[in-house]
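Me: I would like to go through a protein model step by step. Could you show it and then take my questions?

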Amino acid sequence: MLVLITYDVNTTTARGKKRLRQVSKKCLDYGQRVQNSVFECILDSAQLRKIKYELAEMIDMETDSLRFYNLGETYKTKVDHMGIKESYDMEGPLII
């Protein structure tokens, strides 16, 4: 399923800036960045539970926020893109 993960981390402190980097790196482990704080991730239900747990452990619940949008299996008909930075097909063949 395609899950859109968005976050807003308070970066007014050095600890906040560190949390922002940690959250970004963790999201990169699971998907691709499509905007500064927005990631598209192809996940199964176990992976979704795992990343939710991992990210919840990183953020400050008093100042930061996370959002998870589950677009399901038929996401290709639900996503329209305009402009630069066309994303790659995460389920397509990997060519190295």
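Reply: The questions and answers below deal with charges, cysteines and salt bridges.

Me: Before we start, what kind of model is this, and how are residues numbered?

Reply: This is a predicted model, in which local features need pLDDT of at least 70 and side-chain atom pairs count only at pLDDT 80 or more, while totals for chains, interfaces and linings use all residues. Residues are numbered from 1 along each chain as its sequence is written, and side-chain values use heavy atoms, with hydrogens and water left out.

Me: How many salt bridges are there?

Reply: The search of the whole structure finds four salt bridges. The term stands for a side-chain nitrogen of Lys or Arg within 4 Å of a carboxyl oxygen of Asp or Glu.

Me: Which residue does Arg-19 pair with?

Reply: Arg-19 forms a salt bridge with Asp-64, with 2.7 Å from N to O. This pair links distant parts of the chain, 45 residues apart: Arg-19 is in helix 1, and Asp-64 is in the loop between helix 2 (45-58) and strand 4 (65-72). Helices (H or I, at least four residues) and strands (E, at least two) are DSSP runs, numbered from the N terminus.

Me: Are Arg-19 and Asp-64 buried or exposed?

Reply: Both Arg-19 and Asp-64 are buried. Buried means under 20% relative accessible area, exposed means over 50%, and partly exposed lies in between (1.4 Å probe, protein chains only).

Me: What about Lys-26, which residue does it bridge to?

Reply: Lys-26 forms a salt bridge with Asp-29, and their closest N and O atoms are 3.6 Å apart. Because they are three residues apart in helix 1, about one helical turn separates them. Lys-26 is buried, at 18% relative accessible area, whereas Asp-29 is exposed, at 57%.

Me: And which residue does Glu-54 bridge to?

Reply: Glu-54 pairs with Lys-50, the closest N and O atoms being 4.0 Å apart. These two are four residues apart in helix 2, so they are separated by about one helical turn. Glu-54 has 18% relative accessibility and therefore counts as buried, while Lys-50, at 47%, counts as partly exposed.

Me: Which residues are linked in a network of salt bridges?

Reply: The network joins Lys-26, Asp-29, Lys-50 and Glu-54.

Me: New topic: how many disulfides does the structure hold?

Reply: There are zero disulfides in the structure. Cys-27 is in none, as the nearest cysteine sulfur, in Cys-41, is 6.0 Å away. A disulfide is a pair of cysteine sulfur atoms within 2.5 Å.

Me: Why is there no bond for Cys-41?

Reply: Its closest cysteine sulfur, in Cys-27, is too far away for a bond, at 6.0 Å. Cys-41 counts as buried because its relative accessibility is 0%, and Cys-27 is buried at 0% as well.

Me: Back to charges. Which residues form the positive surface patch?

Reply: Arg-15, Lys-17, Lys-18, Arg-21 and Lys-25 form it. One of them, Arg-15, lies in helix 1 (residues 14-30) and counts as exposed because its relative accessibility is 69%.

Me: How is a patch defined?

Reply: A patch is made of residues with over 30% relative accessible area and no salt bridge, joining like charges within 9 Å and nonpolar side chains (Val, Leu, Ile, Met, Phe, Trp, Tyr) within 5 Å.

Me: Last one: where is Leu-20?

Reply: Leu-20 is in helix 1 and is partly exposed, with a relative accessible area of 29%. Leu-20 and Asp-8 are 12 residues apart in sequence, and their C-alpha atoms are 8.3 Å apart in space.

Methods:
Accessible areas come from the Shrake-Rupley method with a 1.4 Å probe; for residues, only the protein chains shown count as cover. Lys and Arg count as positive and Asp and Glu as negative; His and the chain ends are not counted. The place of a charge is taken as NZ of Lys, CZ of Arg, CG of Asp or CD of Glu.
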